[in-house]
Amino acid sequence: MTIQVGEKLPEATFRTMTAEGPAARTTGEIFAGKTVVLFAVPGAFTPTCHKNHLPGFVANFEAIKAKGVDAIYVTSTNDVFVLDAWQKATGAVDKVGILADGSADFAKAVGLENDMSSFGMGMRTKRYSMLVKDGVVASLNIEDGPGKADVSGAENLLKQL
């Protein structure tokens with residue numbers, strides 16, 4: 001079942017990159033007591049994710065933060081090393097944090113997994129964005145197809161703040 005507005009995020013563990021290497025961070029650590037924008041992409045470096053979705057959040061970083069958002073994160077079912085390289089390659093460092101969900105555990109827990117096995121990509125996450133306040137979903141924008149980033153894009157989310 002897909003998570004709904006007003007529901008608390010389930011407890012899950014992501015991998016993030018630190019100066020010492022990969023580290024585990026839980027949803028509680030990331031979202032408790034904060035206003036956070038979270039968006040999800042099926043795959044780093046894939047066309048829509050790389051050329052459209054992430055760049056919108058990087059470009060709108062200041063405007064989003066000015067609306068009272070404490071942090072912006074992207075999650076994907078890529079491993080933490082791929083997401084780290086993508087963050088560096090796109091100028092997202094210090095703007096958009098990375099939350100690797102390599103086994104799609106979080107995607108499954110929120111009901112937003114996407115089986116892309118027919119494309120040779122395995123289990124991925126659907127493309128979406130959400131505003132999370134103190135661990136509770138305040139808005140949720142799910143794309144109806146993986147090649148679009150309109151409903152879940154930064155410009156649409158900015159209108160909701």
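Strands are DSSP runs of E that span at least two residues, numbered from the N terminus. One such run in this predicted model is β4, which covers residues 71-76 and contains T75.

T75 has a relative accessible area of 3%. Buried means under 20%, so T75 counts as buried. Its surroundings come from several parts of the sequence. Residues up to four places away are not counted here. Beyond them, T75 touches F14, L38, F39, A40 and V41. T75 also touches L99, D101, T125 and Y128.

F14 leads to the strand pair β1 and β2. Strand β1 runs over residues 13-18, and strand β2 over residues 21-26. The two pair in the antiparallel sense. Six bridges join them. Two of the residue pairs can be named. R15 has A24 of β2 as its bridge partner. T16 has A23 of β2 as its bridge partner. The two strands form a hairpin, with two residues between them. In a regular strand, side chains alternate between the two faces of the sheet.

Helix α2 holds an annotated residue. The helix spans residues 47-59 and includes C49. An unreviewed UniProt entry places the feature "active site" at C49. Is C49 buried or exposed? Its relative accessibility is 1%, so C49 counts as buried. Neighbours within four places in sequence are again left aside. The remaining contacts of C49 are V41, P42, G43, L54, P55, W86 and R127. V41 is thus listed for C49 and also for T75.

W86, a contact of C49, belongs to helix α4, which covers residues 80-89. W86 is one of the buried residues of α4. The others are V80, L83, D84 and Q87. These buried residues cover an arc of only 165 degrees around the axis, which puts them on the same side of α4. An α-helix has 3.6 residues a turn, so residues three or four places apart point the same way. On the other side of α4, the exposed residues are F81, K88 and A89.

Both ends of α4 have local features. D79 caps the N-terminal end. A side-chain oxygen of D79 lies 2.8 Å from the backbone nitrogen of F81. F81 is itself exposed. Just after α4 comes G91, with a positive phi of about 75 degrees.

Methods:
Residues are numbered from 1 along each chain as its sequence is written. This is a predicted model: local features need pLDDT of at least 70, side-chain atom pairs count only at pLDDT 80 or more; totals for chains, interfaces and linings use all residues. Side-chain values use heavy atoms; hydrogens and water are left out. Buried means under 20% relative accessible area, exposed over 50%, partly exposed in between (1.4 Å probe, protein chains only). Helices (H or I, at least four residues) and strands (E, at least two) are DSSP runs, numbered from the N terminus. The arc is that of the directions from the helix axis to the C-beta atoms. A polar contact is a pair of N or O atoms within 3.5 Å; within protein, one must be able to donate a hydrogen and the other to accept it, and residues adjacent in sequence count only if both atoms are side-chain atoms. Contact means heavy atoms within 4.5 Å. Two strands pair if DSSP finds at least two bridges between them. UniProt positions are given in the numbering used here, feature names are shortened, and annotations may be inferred rather than shown by experiment.
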